[in-house]
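Me: Let's walk through this one together, question by question. Ready to take a look?

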Amino acid sequence: VSSADPLYAAINPADVGVTNLDDDSAGVRISESSNDTRVAEGGFTDNYSAVLLSEPTANVTITVSTDGQTTVVPTVLVFTPVNWATSQDVVVTAVDDLVAEGPHASAISHAASSADLKYNGIPVAGVTAAITDNDTPGVVVTESSGGTAVAEGGANDNYSVALTTQPTAAVTVTVSGDAQATANPTVLVFTPANWNIPQDVTVAAVDDLVAEPPHTGQITHAAVSSDPDYNGIPVDGVTAHITDNDSPGVVVTESSNTTDVAEGGATDNYSVVLATQPTAAVTITLAGGTHATANVMHLVFTPGNWNI
């Protein structure tokens, strides 16, 4: 108080204490475009932004980390007492791996550090990126020259097998032939390391003794894995086209290369056998003439005794 009145000039009025209620609080706002973040392997990217809610007293560094399913640029955001209110964008890209995963997600996290104690270690919301996969699991069977041709007792052929995507566990493909064709090896193992390296299978015709026209054999495959995408996945079979090396015939063999008999005396014999195994009984009828007779009228060869 100041006054020419000495009574007032000596007065010291009471002071008033004021409490200032601040309307600013420390915080980091994360804003996703279209309210979510969606990306695709080998395709489109997306972005979100970060900004501080109040002016810091020192720089605030926000580190951006992913789980390996996505990448982000930049990985570090720095807010100062000057640019704290300006949003900074983070671009999210899906990692284009070779694993068939279907639609999946990636977790993006943030960590804040600062000499401003209100911002140092402050919680920052994370972002979940929805990822569209571009990989389809499958087993590719490739035949040499576009087909598989083999011959009984002769040429073999081969085809190759490989996976289309990297599995999460070993995939065992069992190879099975039939009565007409065999395969080697009978087991193929694909791992997350060798999944894209073709493995060859050699096909051979079963050299049976049956006279057959050109015919086929079937090679089938079955896949087993702890990777659910590959366990029991259908695998194309292979049809082997087979050339036969057997000719049907009846072989007659005379003892001493001739057959000599005498009236009222010595007899002779010859043998009869089939050249190949028949698919049904073969009956051979013998007919003697006026000068010679045979002791049997019929010879019956079956698929069991054809070569006796």
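Me: Is Arg 38 buried, partly exposed or exposed?
Reply: Bear in mind that this is a predicted model. Buried would need under 20% relative accessible area and exposed over 50%. Arg 38 comes out with a relative accessible area of 48%, so the label is partly exposed.

Me: Which residue forms a salt bridge with Arg 38?
Reply: Side chains of opposite charge can pair when their charged atoms come close. Here the closest N and O atoms are 3.0 Å apart, and a salt bridge needs them within 4 Å. The partner of Arg 38 is Asp 36.

Me: And how exposed is Asp 36?
Reply: The structure holds 1 salt bridge, and Asp 36 forms it with Arg 38. Asp 36 counts as partly exposed because its relative accessible area is 28%.

Me: What is the strand order in the open sheet of 5 strands?
Reply: Pairing in this sheet is mixed. S2 (37–40) and S6 (76–79) are the edge strands, each pairing on one side only. Neighbouring strands are turned by 25° against each other on average, direction ignored. Read across, the order is S2-S9-S8-S4-S6.

Me: Which residue in S8 is the bridge partner of Val 60?
Reply: Strand S4 covers residues 60–66 and strand S8 covers residues 104–114. The two pair in the antiparallel sense over 7 bridges. In S8, the partner of Val 60 is Ser 114.

Me: Is Ile 131 buried or exposed?
Reply: Ile 131 sits in strand S9 (residues 127–132). Leaving aside neighbours within four places in sequence, its contacts include Val 39, Thr 70, Ala 94 and His 104. With a relative accessible area of 3%, Ile 131 falls under the 20% cut-off, so the label is buried.

Me: How far apart in space are Ile 131 and Thr 45, C-alpha to C-alpha?
Reply: In sequence, Ile 131 and Thr 45 are 86 residues apart. In space, the C-alpha to C-alpha distance between them is 9.8 Å.

Me: Now the open sheet of 4 strands: what is its order?
Reply: This sheet has antiparallel pairing. Strands S1 (28–32) and S5 (70–73) are at the edges, each pairing on one side only. Its neighbouring strands are turned by 25° against each other on average, direction ignored. The order is S1-S3-S7-S5.

Me: How many residues of S3 are buried?
Reply: Strand S3 covers residues 46–52. S1 and S3 run antiparallel and are joined by 5 bridges, and 5 bridges also join S3 to S7. S3 is largely enclosed by the rest of the structure, because the buried count among its 7 residues is 6.

Me: Which residue in S7 stands opposite Ala 50?
Reply: S3 runs antiparallel to S7 (residues 88–94). Asn 47 has Val 91 as its bridge partner in S7. On the S1 side, Ser 31 has Ser 49 as its bridge partner in S3. As for Ala 50, the residue opposite in S7 is Gln 88.

Me: Which residues of S14 point to the buried face?
Reply: Side chains alternate along S14 (residues 181–184). Thr 182 and Asn 184 point to one face and are not buried. The buried ones, on the other face, are Ala 181 and Ala 183.

Me: What is the bridge partner of Asn 184 in S16?
Reply: S14 and S16 (residues 199–205) pair in the antiparallel sense over 4 bridges. Within S16, the partner of Asn 184 is Thr 202.

Me: How far is Glu 143 from Val 238 in space, C-alpha to C-alpha?
Reply: Glu 143 belongs to strand S10 (residues 139–143) and counts as partly exposed at 25% relative accessibility. Not counting residues up to four places away in sequence, Glu 143 touches Thr 148, Tyr 159, Val 238 and Thr 239. Glu 143 and Val 238 are 95 residues apart in sequence, and their C-alpha to C-alpha distance is 7.9 Å.

Me: Last one: what is the approximate area of the nonpolar surface patch that includes Val 1?
Reply: Val 1 lies in the segment before helix H1 (6–9). At a relative accessible area of 57%, Val 1 is exposed. Leu 7, Tyr 8 and Ile 11 make the patch along with Val 1, and its area is about 440 Å².

How values were computed:
Residues numbered from 1 in each chain as written. Predicted model: local features only at pLDDT ≥ 70, side-chain atom pairs only at ≥ 80, totals over all residues. Heavy atoms only, no water. Patch = residues over 30% accessible without salt bridge, like charges linked within 9 Å, V, L, I, M, F, W, Y side chains within 5 Å. Areas by Shrake-Rupley, 256 points an atom, 1.4 Å probe, with all protein chains shown as cover. Salt bridge = Lys/Arg side-chain N within 4 Å of Asp/Glu carboxyl O. Buried < 20%, exposed > 50% of the residue type's maximum accessible area, 1.4 Å probe, protein only. Pairing = 2+ DSSP bridges. Axes fitted to C-alpha atoms, helices over the stretch in contact; angles between N-to-C directions. Contact = heavy atoms within 4.5 Å.
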